[in-house]
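Subject: Structure handover

Hello,

Here is the structure we talked about. Please open it first, then read the notes below.

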Amino acid sequence: MSAIRYELIKQCKQSGARLGKLHTPHGIIETPIFMPVGTQATVKAMTPEELKEIGAQIILSNTYHLYLRPGERLVERAGGLHEFMNWDRPILTDSGGFQVFSLSDLRNITEEGVTFRSHLDGSKHFISPEKAIEIENALGADIIMAFDECTPYEADYEYTKNSMERTLRWAERCKSAHKKPDKQALFGIVQGGMFKDLREISAKETVKMDFPGYAVGGLSIGEPKDIMYQVLDWTVPFLPENKPRYLMGVGSPDALLEGVIRGIDMFDCVLPTRIARNGTVFTSKGKVVIKNAEHAEDFSPLDDECDCYTCKNYSRAYIRHLFKAKEILAARLATIHNLRFLLKLMEDIRRAIMEDSLLDFKEEFFKKYGYTQD
Ligand SMILES: CNc1nc2cc3c(=O)[nH]c(N)nc3c(CC[C@H]3O[C@@H](OC)[C@H](OC)[C@@H]3OC)c2[nH]1
């Protein structure tokens, strides 16, 4: 008995997009969905109430970070992540595979696992597939990711093939090590780099292990977007229709639309929260750098089509002032807005799928946003 059940509500007539409901132990998620990233058990600058206010259904946390600080055993003793961070809706944790390779001074990778130095204090650590699952079981997220190697974009065929094959062997070990499949759904992660045959092998072999959901990994790591879309076209057809598909690390408005059209159901990205803290906001007419002088006396909202708390109560001039004055409220107001922008985009996408007008919606959105139609 798996912890989650994916219910396919409707297959879009215009594209590979689908409308779905993901039933989890902490509630139902309507897909396609964007998942705000809360790496260290908090979506930066947001309270859980504010996240619910803007329509967040599921948030992410990260195994690598929480293992290093405060430690998964402390979180377990606190009653698990939901208790610890006061979030009673679904949570997904990544396995840390990505962070070990991207954040730490990597020592080396062996069949057994990865030895690395903490980016916090340089202390030495070892994570194996079994250890990663043990940490995720202790944290208690509803959806947990297998421990994989996110193959670097520039890796050659030989390295990518060996890395993908090792990730498959690690996936088997994750499955065997997982203690609570009835409470926490373990997703397999497809690798294979930018190579069609390797992506097909990885997808087919991962699906043979019969996970409750599948992530497409190894993307949004510096490759051009059209390569990412090409890899999706090579990979998604081998993933079962009755299981959720999760494209890791993707979250710009155009990539969300292109991913949904190719059959992806779940997305995550630090982009909206990270650029918000630096003063860049999404609007229906493209991105705006609020610190620019042109906004100094602009008393209109960030986006006159936005229904968020920030747009209903504050002007561009005020928000620009907050950023120039380095006020903490600046990050909060911009984050509320950027997350609401993407969550509302996903609401609009779900509606368009229901009405079989997704490609029309995309064309209209791109034109207004200022994307050139490729
Ligand atoms: C930005 N582009 C991007 N491509 C990625 C590819 C992979 C991948 O192949 N395997 C794994 N395991 N993780 C990946 C990740 C990390 C996402 C996590 O990283 C954290 O955000 C940075 C966040 O942790 C809360 C999130 O949790 C799912 C990627 N991120």
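D268 is found in strand 14 (residues 266–269). Strands (E, at least two residues) and helices (H or I, at least four) are DSSP runs, numbered from the N terminus.

Two points on the basis. This is a predicted model: local features need pLDDT of at least 70, side-chain atom pairs count only at pLDDT 80 or more, and totals for chains, interfaces and linings use all residues. Residues are numbered from 1 along each chain as its sequence is written, and side-chain values use heavy atoms, with hydrogens and water left out.

Back to D268. At a relative accessible area of 10%, D268 is buried. (Buried means under 20% relative accessible area, exposed over 50%, partly exposed in between, with a 1.4 Å probe and protein chains only.) The side chains of D268 and Y246 share a polar contact of 2.8 Å. (That is a pair of N or O atoms within 3.5 Å; within protein, one must be able to donate a hydrogen and the other to accept it, and residues adjacent in sequence count only if both atoms are side-chain atoms.) Beyond four places in sequence, D268 touches F34, L60 and G251, among others. Contact here means heavy atoms within 4.5 Å.

UniProt, in an unreviewed entry, lists D94 and D268 under "active site". Its positions are given in the numbering used here, feature names are shortened, and annotations may be inferred rather than shown by experiment. The two span 175 residues in sequence, yet their C-alpha atoms are no more than 10.6 Å apart, so they gather at one spot.

D94 sits in strand 6 (residues 91–94). D94 is buried too, at 12%. Its contacts more than four places away in sequence include S61, N62 and E136.

Now the ligand. 22 residues surround it, and the closest are D94, Q99, D148, G218 and L219. (A residue counts if one of its heavy atoms lies within 4 Å.) A nitrogen atom of the ligand is 2.7 Å from an N or O atom in the D148 side chain. One oxygen atom of the ligand is 2.7 Å from a polar backbone atom of G218. A polar side-chain atom of N62 lies 2.9 Å from an oxygen atom of the ligand. Taken alone, the ligand exposes 610 Å², and the protein buries 92% of that. Accessible areas come from the Shrake-Rupley method with a 1.4 Å probe; for residues, only the protein chains shown count as cover.

Last, R340. It lies in helix 14 (residues 328–354). The side chains of R340 and E347 make a polar contact of 3.0 Å.

Best wishes
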